[in-house]
Amino acid sequence: MNYAEKFESQKEFFYSMKTRDVSFRIAQLKKLKDILKANEALLYDAIYRDFRKSKFDTYANELNIIYTEIDYFIKNIGKLSQAKKVTINLANIPGKSYICYEPLGTVLIIGAWNYPYQLTIAPIVSAIASGNTCFIKPSELPIHTMQLMAKLINENFPANYLYVVEGGIPETTELLALPFDKIFFTGSPKVGKIVYEAAAKHLTPVVLELGGKSPAIVTKSADLDIAAKRIVWGKFINGGQTCIAPDYLLVEASVKERLVQNIQKKLKECAYEPGAEHYVSIINERNFDRILQLIAPEKVVYGGKSDKSLLYIEPTIMDNVDWQDPAMQEEIFGPVLPIITFTDLDQVLEKVKRLEKPLAAYLFSNDPSEKEKFNKELSFGGGCINDTVMHITHERLPFGGVGNSGMGNYHGKFGFLTFSHQKSIIEKSLKFETNLKYPPYSDAKLNWIKRLIVERLWLKLF
Ligand code: NAD
């Protein structure tokens, strides 16, 4: 398909200035929310058919985040989009200075499959709130959710404003050739590089929301009961297919046995059995086979069972794992938790900070000095102390990666900034003019400039 015509029509609609109007943006956000609310039953059905994600999981971890974002913008977009006054500087007195927030234009959003609604629609919400027109390419792996998002958006919004493209690599490649004003990509670092390279041809700015191996560190000062509970929840939610799931566990040797026992107990309580309503399937056979290859049977201390016909992999804990093991060479993105033991937190932080910067990191500790070290020494997208995953739920925190886990961020006002240009304006008074900056130059003028700047004489004058 040739998308160039639709792209041009979105640019034209953008130039019409209609999307600049804040009341237009609020109306679109309300409309989007109404459409999602009215079609919740279809949304639940599609995602269940794709990978058996339950209604509870879909509401709590997908729709809830989208609704929170929509409500945030409906309430705050008026204020966010107003020009912000900034104190004038010496060189421009008398005058005013302010920052204008302007939409970028026509943007492209490319989604990942694991939270197909949240990861596709939350960036759309930011793009609408900021006044852009938008092409959307959801992941093609969960085919029913992709088709449903295309239907709901394409049937309810004009294509010159929002347009969903259904498809995989060929369609994405074609889209990437267009000169978008921004590309917002969620997916793997490998495809992130392809997107970045394509964007460079048009100097298109990108947000890359990528992945990586996110550690959870448990020290001897931690509350082991709570740690086990929160690690199990964060790791096995969505069948372990969460970009910010704890990928692996680093546990202080003296508490490892108790922590592993607590994790095993918690896993039994959770009963992630084949066919359980609350346990999401692996997305496809390719990922099923890939995840199984990361399991070393001799290291399994819990789980290890699987059923390809159901795309089911039992929550699996591997103990005595080594940094060289296959499970430590790639992002697991499945329900397998390797455990590495340590005796010295400083040493383990030294090791982790030399690895690729992960999307998330977690520390379980009750020791203020350990918390301080964790915050200070490790670089990662975002994370929690004494919890996992929950930082994504806070709309006042930026969500994004760093280094190999990505660039840029969104959620709440950070999403607004991501899809806006901050235009700087100086508005000068006509009442007063010094001749200091104009030629011909002289030593006297230079001395005045030095006195004004270095001796801050201007503070005394005004
Ligand atoms: P992916 O990179 O395989 O696919 C993402 C998107 O890119 C899809 O829409 C796909 O159609 C498209 N795509 C795939 N190959 C392409 C190619 N060669 N050229 C152009 N487009 C292509 O990622 P995925 O399997 O959907 O998701 C898993 C990865 O995403 C993991 O690394 C995970 O950590 C990461 N992720 C990150 C976040 C985040 O918010 N940072 C969220 C979810 C997933």
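This report walks through some salt bridges and one nonpolar surface patch in a predicted model.

A bit of housekeeping to start. Because the model is predicted, local features need pLDDT of at least 70 and side-chain atom pairs count only at pLDDT 80 or more, while totals for chains, interfaces and linings use all residues. Residue numbers run from 1 along each chain as its sequence is written, and side-chain values use heavy atoms, with hydrogens and water left out.

**Salt bridges**

Side chains of opposite charge can pair when their charged atoms come close. Here, a salt bridge means a side-chain nitrogen of Lys or Arg within 4 Å of a carboxyl oxygen of Asp or Glu. Searching the whole structure turns up 21 of them. Three are listed below.

| Acid | Base | N to O distance |
|---|---|---|
| E427 | K96 | 3.9 Å |
| D247 | K213 | 2.5 Å |
| E350 | R354 | 2.7 Å |

Take the bridge between E427 and K96. This pair ties together distant parts of the chain, 331 residues apart: E427 belongs to strand β18 (residues 420–428) and K96 to strand β2 (residues 95–103). Helices (H or I, at least four residues) and strands (E, at least two) are DSSP runs, numbered from the N terminus. As for cover, buried means under 20% relative accessible area, exposed over 50%, and partly exposed in between (1.4 Å probe, protein chains only). E427 is partly exposed because its relative accessibility is 37%, and K96 gets that label too, at 43%.

Now for D247, whose salt bridge partner is K213. Both residues sit in loops: D247 in the one between α9 (224–236) and β9 (248–252), K213 in the one between β7 (206–209) and β8 (215–218). They are 34 residues apart, so to speak of distant parts of the chain is fair here as well. D247 has a relative accessibility of 4%, so it counts as buried. K213, at 16%, counts as buried.

E350 pairs with R354, and the two also belong to a salt-bridge network with K353 and E377. With a relative accessible area of 32%, E350 is partly exposed, whereas R354 is exposed at 62%.

**A nonpolar patch**

I449, I453 and V454 make up a nonpolar surface patch with about 280 Å² of accessible area together. Patches take residues with over 30% relative accessible area and no salt bridge, joining like charges within 9 Å and nonpolar side chains (Val, Leu, Ile, Met, Phe, Trp, Tyr) within 5 Å. The areas come from the Shrake-Rupley method with a 1.4 Å probe; for residues, only the protein chains shown count as cover. V454 lies in helix α15 (residues 443–454) and is exposed, at 66% relative accessibility.
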